[in-house]
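Me: I would like to go through a model by question and answer. Please keep the replies short and reasoned.

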Amino acid sequence: MFSRMFGKPKQETNAVATLDKLNETLEMLEKKEKVLLKKVGAEVEKAKEFTRGKNKRAAIQCLKRKRLYEQQIEQLGNFQLRIHDQMIMLEGAKATTETVDALRTGAAAMKAMQKATNIDDVDKTMDEINEQTENMKQIQDALSAPIGAAADFDEDELEAELEELEGAELEEQLLQPATTTPAAPVQVPAGRQPTRPVASKPTPEEDELAALQAEMAL
């Protein structure tokens, strides 16, 4: 569609045909130049032969024809240079035209895509996505909510009960009697009777702890 719109195939065909024509002309000029170079070489050889034969006039005629051929060769060289210059310019123009056509095609494609994608459609799609996300969140919250008897439990009451349990555990640890490590056995030498250990006198802290335990037992 874009090619028919901008006429690109016709322009490209004309450029290619022109380049082909220039290449053909260039090849023809190169062939002529080779022929003339051979003629120049032949005239030089003839001039040498005539010089060896003491035919000065004929040798000069050969050199004159050689000069004419060289002039034609120089002219053909100028023609080839002009053709090369024309080909370079044409190839550059062809590349420029192709670049512009490509940019036009890209701009037209971008415009067509923008028409197909309306900003209102984008906003509508985003609203639908947000709505679906919110619905899914509500469903997940509903599924994770407690049901049955667990739904009637008061979180504050459970927290208070937990604090009471922690306080009772701490109090029980404080009321436990202090344990004493057993004394290590004393090695008695042979022939001697071991002395009976003397009971140690309780400390005031131990007396106070024993009285507190007795009161709680009542």
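Me: What is the mean pLDDT of the protein?
Reply: This is a predicted model, in which local features need pLDDT of at least 70, side-chain atom pairs count only at pLDDT 80 or more, and totals for chains, interfaces and linings use all residues. Residues are numbered from 1 along each chain as its sequence is written, and side-chain values use heavy atoms, with hydrogens and water left out. pLDDT is the predictor's confidence in each residue, from 0 to 100. In the protein, 73% of the residues reach 70 or more, and the mean is 79.

Me: How many helices does the protein have?
Reply: Helices (H or I, at least four residues) and strands (E, at least two) are DSSP runs, numbered from the N terminus. The elements run α-α-α-α-α-α from the N terminus on. There are zero strands, and the helices number six.

Me: Which element has the lowest mean pLDDT?
Reply: Residues 1-7 stay under 50 in pLDDT. For that stretch the model has seven contacts (heavy atoms within 4.5 Å) beyond four places in sequence. Helix H3 has the highest mean pLDDT, 91. The lowest, 44, belongs to helix H1 (residues 2-6).

Me: What percentage of the residues in the protein is buried?
Reply: Buried means under 20% relative accessible area, exposed over 50%, and partly exposed in between (1.4 Å probe, protein chains only). The protein has 218 residues. Of these, the buried share is 10%.

Me: How many residues make up the largest nonpolar core?
Reply: A nonpolar core is a set of buried Ala, Val, Leu, Ile, Met, Phe, Trp, Tyr and Cys residues joined through side-chain atoms within 4.5 Å. Here the largest one includes Leu19, Leu22, Val40, Tyr69, Ile83 and Leu90. H2 and H3 each supply at least two residues of this core. In all, the core residues number twelve.

Me: Which residues does Leu22 contact, leaving aside neighbours within four places in sequence?
Reply: Leu22 is itself part of the largest nonpolar core. Ile83, Met87 and Leu90 belong to that core too. With neighbours within four places set aside, the contacts of Leu22 are Ile83, Gln86, Met87 and Leu90.

Me: How many salt bridges are there?
Reply: Side chains of opposite charge can pair when their charged atoms come close. The rule asks for a side-chain nitrogen of Lys or Arg within 4 Å of a carboxyl oxygen of Asp or Glu. Lys94 and Glu98 meet this way at 2.6 Å, N to O. The salt bridges come to three.

Me: Which residue forms a salt bridge with Glu43?
Reply: Glu43 is buried, at 6% relative accessibility. The closest N and O atoms of its salt bridge are 3.1 Å apart. Glu43 lies in helix H2 (residues 8-52) and the partner in helix H3 (residues 56-116), so the pair ties together parts 22 residues apart in sequence. The partner is Arg65.

Me: Which residues does Glu43 touch, not counting those up to four places away in sequence?
Reply: One of them is its salt-bridge partner, Arg65, which is partly exposed at 32%. Another is Lys66, buried at 18%. The full set is Cys62, Arg65, Lys66 and Tyr69.

Me: Which residue forms a salt bridge with Lys66?
Reply: Both partners lie in helix H3, four residues apart, about one turn of the helix. The closest N and O atoms are 2.6 Å apart. The partner is partly exposed, at 31% relative accessibility. It is Glu70.

Me: What is the phi of Lys54?
Reply: Most residues other than glycine have a negative phi. Lys54 sits in the loop between H2 and H3. Lys54 is exposed, with a relative accessible area of 75%. Although Lys54 is not a glycine, its phi is positive, about 65°.

Me: What accessible area do Ile119, Val122, Met126 and Ile129 have together?
Reply: These four form a nonpolar surface patch, where patch residues have over 30% relative accessible area and no salt bridge, like charges being joined within 9 Å and nonpolar side chains (Val, Leu, Ile, Met, Phe, Trp, Tyr) within 5 Å. Val122 lies in helix H4 (residues 119-144) and is partly exposed at 35%. Accessible areas come from the Shrake-Rupley method with a 1.4 Å probe; for residues, only the protein chains shown count as cover. Together the patch has about 340 Å².
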